[in-house]
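Dear colleague,

Please find below the structure that I am handing over to you. My findings follow it.

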Amino acid sequence: MRNNMKIIFPAIPENESLARTVCAAFVLELDPTVEEMSEIRTAVSEAVTNSVIHGYNGSGGDIEIDAELDGRTVTYTIKDNGCGIENIEKAKEPLYTGSSDSERSGMGFSIMEAFMDKLEVESMPGEGTVVKLVKKIEADDE
């Protein structure tokens with residue numbers, strides 16, 4: 001079974017919950033566990049929040065999410081056209097944050113890696129960032 005969807009929305013904090021909810025709902029036909037749903041919502045939330053806060057620095061723009069189901073594997077590709085990431089490996093280090101905001105923990109990529117089966121990040125300074133999140137939804141053996 002293959003399915004896909006695309007959603008484009010303004011990069012404002014209020015739309016983080018929209019992205020989280022839509023991406024979680026996209027896999028409902030696979031009957032995921034509560035834990036799998038929570039992991040998807042959290043990982044997508046982190047990726048979208050990174051785009052809003054770091055990619056666009058709160059200055060606006062659009063975020064695009066492409067989602068694809070292939071069998072029991074879901075792939076979310078979250079793309080922004082923001083400022084990009086200078087050093088992806090440094091940005092993926094736990095507790096690293098490029099923000100001077102003391103409320104930022106620097107754990108976004110670590111959380112995405114922990115909750116998804118695969119994380120890929122591509123970025124070019126001045127051109128934006130693409131985050132790909134992949135998760136296999138386990139079959140219910142009942």
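From the N terminus on, the order of elements in this predicted model is β-α-α-β-β-α-α-β-β. That gives four helices and five strands, where helices (H or I, at least four residues) and strands (E, at least two) are DSSP runs numbered from the N terminus.

Residues are numbered from 1 along each chain as its sequence is written. Local features need pLDDT of at least 70, side-chain atom pairs count only at pLDDT 80 or more, totals for chains, interfaces and linings use all residues, and side-chain values use heavy atoms, with hydrogens and water left out.

Of the 142 residues in the chain, 42% are buried (under 20% relative accessible area, with a 1.4 Å probe and protein chains only). The largest nonpolar core (buried Ala, Val, Leu, Ile, Met, Phe, Trp, Tyr and Cys residues joined through side-chain atoms within 4.5 Å) has 36 residues, and V44, V48, I63, I65, Y76 and L133 have the most contacts inside it. Helix α2 gives the most to this core, with seven residues.

Leaving aside neighbours within four places in sequence, I65 is in contact (heavy atoms within 4.5 Å) with residues including A19, C23, V44 and V48. These four residues also take part in the meeting of α1 and α2, where A19 and C23 belong to α1, and V44 and V48 to α2.

Among contacts between residues at least 6 apart in sequence, 65% join residues at least 24 apart.

Yours sincerely

How values were computed
Buried < 20%, exposed > 50% of the residue type's maximum accessible area, 1.4 Å probe, protein only.
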